[in-house]
Structures are given as C-alpha cells and as structure tokens.
Amino acid sequence: MPAAPDGPTLSGPMTSDQAARASLRLTVLPTVVVGVLAIVISTVAAGSLGALGSVLGFVITIVFFAGGQYVVDKVLRSSPETAMGTALLVYMTQIIVLFVLIAVLKDATWLNVKAFAGTIMACTLTWLGASVWAWNRTKVLYVEPVSTLDPDAEYDQ
C-alpha cells in the first residue's frame with residue numbers, strides 16, 4: 001500500500017518557474033481577501049479617512065512584498081547560492097520601511113493611521129503565512145528534466 005503524502009501538493013513536481021508563479025498566486029489571493037476585508041471594516045468604523053488609510057496600507061503592502069518576491073526570484077535564478085541572504089535582506093528592508101512609514105505617518109490628519117497600520121499588519125501577516133504555506137506545499141524539481149520531444153536536447157540513452 002503506498003504511503004500517504006504529507007499533505008496536499010499544488011500539482012505534483014514543478015519547475016522553479018512554475019513554483020514561483022504558483023507561490024505568488026497562492027500568496028496574493030489571501031492577502032487581497034484580507035485587504036478588502038480591512039478596507040470594508042475601516043470604512044464602516046472610520047469613514048472615508050479609514051478607507052483611505054486602509055487602501056493605502058493595502059496597496060503599499062502588496063507592492064512591497066510582490067516586488068520583494070520578484071527580486072528574490074531573479075536572484076535565485078542567477079545566483080542560487082546568495083538567494084537566502086538576499087531573501088533575508090529584502091525581508092528585513094521591507095519590514096523596516098513599513099515600520100518607518102507607520103512612524104512617519106503617525107500624526108497624519110489626512111488618513112486614519114490606525115486603519116493604515118492595522119491593514120499593513122494584517123496584510124503582512126497574511127502574506128507571510130500564505131507564502132510559507134505555499135512553499136511548503138510546492139514540490140520543486142531540483143534538476144529540470146530534458147524533454148524527449150526536443151530534437152536539440154542532449155541526453156544519454
């Protein structure tokens with residue numbers, strides 16, 4: 001009897017490009033849901049200033065983390081041995097910049113700062129949790145297989 005898998009996989013073994021796209025999709029979707037919920041809650045609780053703060057926090061979070069993932073994916077393709085250091089540097093930079101933004105805007109009167117900060121925190125935690133979940137469920141091929149249908153491919157017979 002075959003052993004049961006550790007948990008659901010996304011669709012079996014994937015190339016690194018497929019895994020990066022799947023991970024991004026599975027990370028963005030829950031973050032968008034949380035961001036929309038935060039915008040609705042902020043609008044109801046604090047009106048138009050709450051909506052503005054929440055929308056701004058949501059957009060900044062999505063742009064920061066999607067951009068960071070893009071940078072890490074590019075580094076992973078060109079220099080895999082430096083990917084972990086790059087990922088840590090990008091993550092720390094993102095968190096520091098987000099906290100600096102919250103600190104700089106803490107006295108802003110043109111938006112609701114609590115909605116802004118709360119949305120950033122909720123979207124950041126959702127992004128990180130979904131990212132960890134997606135990468136733990138992705139089976140990445142470490143050696144990309146050569147297609148037997150490609151006449152120019154080199155392989156041993």
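**Exercise 1. Place Thr86 and decide whether it is buried or exposed.**

Start with the fold element: Thr86 sits in helix 2 (helices are DSSP runs of H or I with at least four residues, strands runs of E with at least two, numbered from the N terminus). This is a predicted model, where local features need pLDDT of at least 70, side-chain atom pairs count only at pLDDT 80 or more, and totals for chains, interfaces and linings use all residues. Residues are numbered from 1 along each chain as its sequence is written, and side-chain values use heavy atoms, leaving out hydrogens and water.

Next, look at the cover: Thr86 has a relative accessible area of 17%, and buried means under 20%, exposed over 50%, partly exposed in between (1.4 Å probe, protein chains only). Thr86 is therefore buried.

Finally, find its partners: leaving aside residues up to four places away in sequence, Thr86 touches Val71 and Val75 (contact means heavy atoms within 4.5 Å).

**Exercise 2. Work out the order of helices and strands along the sequence.**

Count first: the protein has 3 helices and 2 strands. Then read along the sequence, which gives β-α-α-α-β.

**Exercise 3. Compare the span of helix 3 with the expected one.**

Helix 3 covers residues 113-137, 25 residues in total. Its first and last C-alpha atoms lie 36 Å apart, close to the expected 36 Å (1.5 Å times one less than the number of residues).

**Exercise 4. Find how much of the protein is buried.**

Take the 157 residues together: 34% of them count as buried. Thr86 from the opening exercise is a buried residue too.
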